Amino acid sequence: MTAHTIRDTAVLTSRSLRHILRSPDTIITTAVTPIALMLLFVYVFGGAINTGKGSYIDYMLPGILLITIASGIAYTAYRLFLDMQGGIFERFQSLPIARSGVLWAHVLTSLVSILVSLAVVIGVALLMGFRTGAGFGAWLGVIGMLVLFTVALTWLAVIAGLSAKTVDGASAFSYPLIFLPFISSAFVPTESMPGPVQWFAENQPVTSIVDSMRALFAGEPVGSDIWVAMAWLVGILIVAYVISMSIYRKKIS
């Protein structure tokens, strides 16, 4: 980014964050569903699930954090769609504003609001008995993966927000992303799944991300999972960014 783009992005991000501060229900709603799932799985299903790895809340928290992110990005697509329909992009075009700054503002707003939601979910998990042996470096690794996952998925949300024909369509794309952790190692070991489901679970991005975060939280060696996870995240981010910018240029041309 150039200095001009950074300055414009900062101003537009501040505008979007003020909207969220006036209506914090976005953050609250994003955190409610993952917390409800956490309560359900730990206190209702947890006793029947044998992971062989200690406390169930410790096992399933990484998956809950990814669901929190997938829930939050739906609001990014929703807000972007409303801006498109409200004609604000056309007004911005009449001003000397960096074009990419408009999209980056939505991405950064999403990142800030989702990080707050993640902090709330982790706080509730600690009250429910979550414990971690992660040191400072491991926590940095977990936070880095969560940030990268958020940014990558937010650029997918940008595609939906720019392409959708209706408000419902703008946010509905996140439903498969919320469901994806359920077909991974997030809640049960993949070894317990039927053959084809196990193959899919072991070769989709969520499993490598969850396994890496689980190892970091436990203070254990991560192994090759983290490189697989990073490859997925960087690949998704690059593809989503390129497609988003291509659609955006066509919209404003």
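This passage describes the fold, the confidence and one surface patch of a predicted model.

The secondary structure is simple to summarise. The protein chain holds eleven helices and zero strands, and reading along the sequence gives the pattern α-α-α-α-α-α-α-α-α-α-α. The contacts show how the chain is put together: among those with a separation of 6 or more, 81% are made by residues 24 or more positions apart.

Confidence is worth a look before turning to the details. The mean pLDDT of the protein chain is 84, and 85% of the residues reach at least 70. Among the elements, helix H10 (residues 205-218) has the highest mean pLDDT, at 93, while helix H4 (residues 88-93) has the lowest, at 60.

Turning to burial and surface, 49% of the 253 residues in the protein chain count as buried. The exposed area of the protein chain comes to about 11900 Å², with carbon and sulfur atoms supplying 69% of it.

One part of that surface can be viewed residue by residue. Leu-39, Leu-40, Tyr-43, Val-44 and Phe-45 together make a nonpolar surface patch of about 470 Å². Of these patch members, Leu-40 can be placed in helix H2, which covers residues 25-45. Leu-40 counts as partly exposed because its relative accessibility is 34%, a value between the 20% limit for buried residues and the 50% limit for exposed ones. Leu-40 is thus a handy starting point for finding the patch in the structure above, with Leu-39, Tyr-43, Val-44 and Phe-45 as the other contributors.

How values were computed: Residues numbered from 1 in each chain as written. Predicted model: local features only at pLDDT ≥ 70, side-chain atom pairs only at ≥ 80, totals over all residues. Heavy atoms only, no water. Helix = DSSP H or I, 4+ residues; strand = E, 2+ residues; numbered from the N terminus. Buried < 20%, exposed > 50% of the residue type's maximum accessible area, 1.4 Å probe, protein only. Contact = heavy atoms within 4.5 Å. Areas by Shrake-Rupley, 256 points an atom, 1.4 Å probe, with all protein chains shown as cover. pLDDT = per-residue confidence, 0-100. Patch = residues over 30% accessible without salt bridge, like charges linked within 9 Å, V, L, I, M, F, W, Y side chains within 5 Å. Salt bridge = Lys/Arg side-chain N within 4 Å of Asp/Glu carboxyl O.
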